[in-house]
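Open your viewer and get ready to click along. We will visit the ligand, then an annotated stretch of chain, and then some aromatic rings.

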Amino acid sequence: MEVRYVVEERYDLGRLVTFIPNKSLPRHRWFFFKEGFSRDFVGLMLSRFGAGRGDTVLDPFVGVGTTCLTCRELGLDSVGVDVSPLFTMVARVKVRDYYVDKLRGLRDGLREERFRRPGIEHVKGFLRQLFSRYALEDLIFLRELINAKIQDEEYREFFLLALMKAAEETSYIYRDGAVVKVRRDIPKPPSLRRMFFRIVKKMIKDVEDHPLKPCEAVIIQGDARRLDMIEDESIDYIITSPPYLNKIEYTKVYWPEYELFFPGGKEAPMRSYLGLNPRNIPKDPLPDVELPPVARAYFHDLNDALAEMYRVLRRGGRAAVVIGGGVFPDKVVEVDIPCAYLAELNGFEVDRIIAVNKRVATTRRVIKIGETRESIVLLSKG
Ligand SMILES: C[S@@+](CC[C@H](N)C(=O)[O-])C[C@H]1O[C@@H](n2cnc3c(N)ncnc32)[C@H](O)[C@@H]1O
């Protein structure tokens, strides 16, 4: 791989590629996703591209829906794909239109139901330790009630998302990187039932106060490496962020949500495919580069995803790919330059690589082995 790209430095943009600015934004705040980027980042890319009404934007790694929700706020059509049933559910709930009166009616119906103590014996092991007995009883009671009483799937998912958020906020869950731990420093967690209705109230207010523009957002559970559901050259712009190399495996961090809200979901193709199977590399796109096996598999899969992005993008279309380097026990593997190189192999022109964050990489938390970059790779299809 011949390296001839210039990496510009714009660390003032660093915060935009994090989820932090979304934390206070209507609808975006319905689910906190540490690995997401921000509405403002999507807005910045769309204005840089000159996107407008009538254009269609794709995010093949849509996560909790930031790209599609921003497009709905601005009046652009969008398509979001993600492999995770949890994240596609979150994204769907965020980008939908709702009738506020219907939401209020359903909420009142749930509130009127008398609490019946459910059995919690089937909740075992570590999951049991993540909640107080009262929180778990409330959670199971409300989950069963929502599933039994709300027939309309779109509205049912709205309330299930509120319950997921209430469960997290009243639990002992503490996510440390890819690991779920038990937090012991909360003396008495607040009532889950009360938290649930408080969250529902806020979500309904968001819907009421911030209506979305009349345009389409389609969220699909699928694999970015095989976008068969999207026609050739049907997309105007792509804004996306694939999983970061050797970072977190999303289903691991959110296993309590999967166990509680997607029982049996383990059979579903919900894993972060990119880079998970180091042995399955039919055609190595970087044969001359020395790489750990996981990184080799990652670039193989990233190459497939880039090939699909190129296929579905129209001529003159543009893409922004946010990507971060990977830390291995003895070295750092940069991803932005190989990503640009693979994009070119697939036919893209590389407009720019902009480094927006850099971090010291350590092994065993103390020994410095280098620096990782988080970058925006800007591409176009000539
Ligand atoms: C960095 S996150 C994207 C976050 C997103 N920008 C947001 O703001 O929510 C990467 C996403 O890629 C998804 N993913 C992993 N492998 C995938 C694949 N093969 N196809 C589609 N999505 C995949 C993960 O589930 C995760 O949601």
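Start by selecting T66 and the ligand: a polar side-chain atom of T66 sits 2.7 Å from an oxygen atom of the ligand. Here a polar contact is a pair of N or O atoms within 3.5 Å; within protein, one must be able to donate a hydrogen and the other to accept it, and residues adjacent in sequence count only if both atoms are side-chain atoms. Before you go on, note that this is a predicted model, in which local features need pLDDT of at least 70 and side-chain atom pairs count only at pLDDT 80 or more, while totals for chains, interfaces and linings use all residues. Residues are numbered from 1 along each chain as its sequence is written, and side-chain values use heavy atoms, with hydrogens and water left out.

Next, add D82, where an N or O atom of the side chain lies 2.7 Å from an oxygen atom of the ligand. Then pick A224: a polar backbone atom of this residue is 2.8 Å from a nitrogen atom of the ligand. How much of the ligand does the protein bury? Taken alone the ligand exposes 600 Å², and the protein buries 99% of that (Shrake-Rupley method, 1.4 Å probe).

Now show the whole shell. There are 23 residues around the ligand (each with a heavy atom within 4 Å of it), and V64, T66, D82, D223 and A224 come nearest. The shell divides into 13 nonpolar residues (Ala, Val, Leu, Ile, Met, Phe, Trp, Tyr, Cys and Pro), three charged (Asp, Glu, Lys and Arg) and seven polar (the others, Gly among them).

Select residues 53–85 next. An unreviewed UniProt entry annotates them as "domain: DNA methylase N-4/N-6"; such annotations may be inferred rather than shown by experiment. The end C-alpha atoms of this span lie 29 Å apart, and the span is 30% helix (DSSP runs of H or I, at least four residues) and 30% strand (E, at least two).

Finally, turn to the rings. The structure holds 18 aromatic pairs (Phe, Tyr or six-membered Trp rings with centres within 6.5 Å). Select F31 and Y254, a tilted pair (planes neither under 30 degrees apart, which is stacked, nor over 60, which is edge-to-face) with 5.7 Å centre to centre and 40° between the planes. F31 is in the loop between β1 (7–9) and α1 (39–49), and Y254 is in the loop between α9 (250–253) and α10 (255–261), 223 residues apart. Both F31 and Y254 are buried (under 20% relative accessible area, 1.4 Å probe, protein chains only).

For a last stop, select W30, Y98, Y155, F158 and F159, which form one aromatic cluster.

Definitions and conventions
Buried means under 20% relative accessible area, exposed over 50%, partly exposed in between (1.4 Å probe, protein chains only).
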